[in-house]
Amino acid sequence: MSIATVDTGPLVEAGDLAPVLLTVEEAARCLRIGRTTCYALIRTGELESLTIGGLRRVPADAPAAYLARRRAERRAA
């Protein structure tokens, strides 16, 4: 099963490489949810994140992985 990619189009400028890490706000935009909801997903461990020097960052593949898990749970129910 492959993980679908999340649209990071608005986050990437022409000629730039795709980001490896996203800010919480960028991850929330990818998931089309609010910042507070995104922090709640991080707090519960549903959305992977890490802290780098006091800054919270979300791996670029984490939103797609979260969606894949949610879809699998929905199909299993």
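Leu21 is partly exposed in this predicted model, with a relative accessible area of 31%. The residue sits in strand S1, which covers residues 21–23. Leu21 also takes part in a nonpolar surface patch of about 330 Å², made together with Val20, Leu50 and Ile52. Patches of this kind take in residues with over 30% relative accessible area, so Leu21, at 31%, qualifies.

Strand S1 has another residue to look at, Thr23. Leaving aside residues up to four places away in sequence, Thr23 touches Arg56 and Arg57. Val58 is 35 residues from Thr23 in sequence, yet the two C-alpha atoms are 6.1 Å apart in space. For the chain overall, residues 24 or more positions apart supply 45% of the contacts that have a separation of 6 or more.

Stepping back to the whole chain, the secondary structure amounts to three helices and three strands. Going along the sequence, these elements follow the pattern β-α-α-β-β-α. The chain has 77 residues, and 26% of them count as buried. Its accessible surface is about 5,400 Å², with 53% of that belonging to carbon and sulfur atoms.

Next comes the helix pair. The axes of H1 and H2 come within 9 Å of each other and cross at roughly 100°. That crossing makes H1 roughly perpendicular to H2, because angles of 65 to 115 degrees fall in that class. On the H1 side, the meeting residues are Val24, Glu25, Ala27 and Ala28. Their partners in H2 are Arg35, Cys38, Tyr39 and Ile42.

What joins Arg35 to Glu25? The two form a salt bridge, their closest N and O atoms being 3.7 Å apart. That distance fits the definition, because a salt bridge needs the side-chain nitrogen within 4 Å of a carboxyl oxygen. Arg35 belongs to helix H2 and Glu25 to helix H1, so the pair ties together parts that are ten residues apart in sequence. As for the background, side chains of opposite charge can pair when their charged atoms come close. The structure holds one salt bridge. Both ends of this pair are partly exposed: Arg35 has 46% relative accessibility, and Glu25 has a relative accessible area of 34%.

Between the two helices there is a loop, and Arg32 is found there, with H1 (24–31) on one side and H2 (35–44) on the other. The backbone at Arg32 stands out a little: its phi is positive, about 60°, although the residue is not a glycine. Is Arg32 buried or exposed? Arg32 counts as exposed, because its relative accessibility is 62% and the cut-off for that label is over 50%.

A further loop links H2 with strand S2 (50–52), and Glu46 has its place in it. Glu46 is partly exposed, at a relative accessible area of 34%. Which residues does Glu46 touch, not counting those up to four places away in sequence? They are Leu41, Tyr66 and Arg69. Ala65 lies 19 residues from Glu46 in sequence, with 9.7 Å between the C-alpha atoms of the two.

Terms used. Residues numbered from 1 in each chain as written. Predicted model: local features only at pLDDT ≥ 70, side-chain atom pairs only at ≥ 80, totals over all residues. Heavy atoms only, no water. Helix = DSSP H or I, 4+ residues; strand = E, 2+ residues; numbered from the N terminus. Buried < 20%, exposed > 50% of the residue type's maximum accessible area, 1.4 Å probe, protein only. Patch = residues over 30% accessible without salt bridge, like charges linked within 9 Å, V, L, I, M, F, W, Y side chains within 5 Å. Areas by Shrake-Rupley, 256 points an atom, 1.4 Å probe, with all protein chains shown as cover. Axes fitted to C-alpha atoms, helices over the stretch in contact; angles between N-to-C directions. Parallel < 35°, antiparallel > 145°, perpendicular 65-115°, else oblique. Contact = heavy atoms within 4.5 Å.
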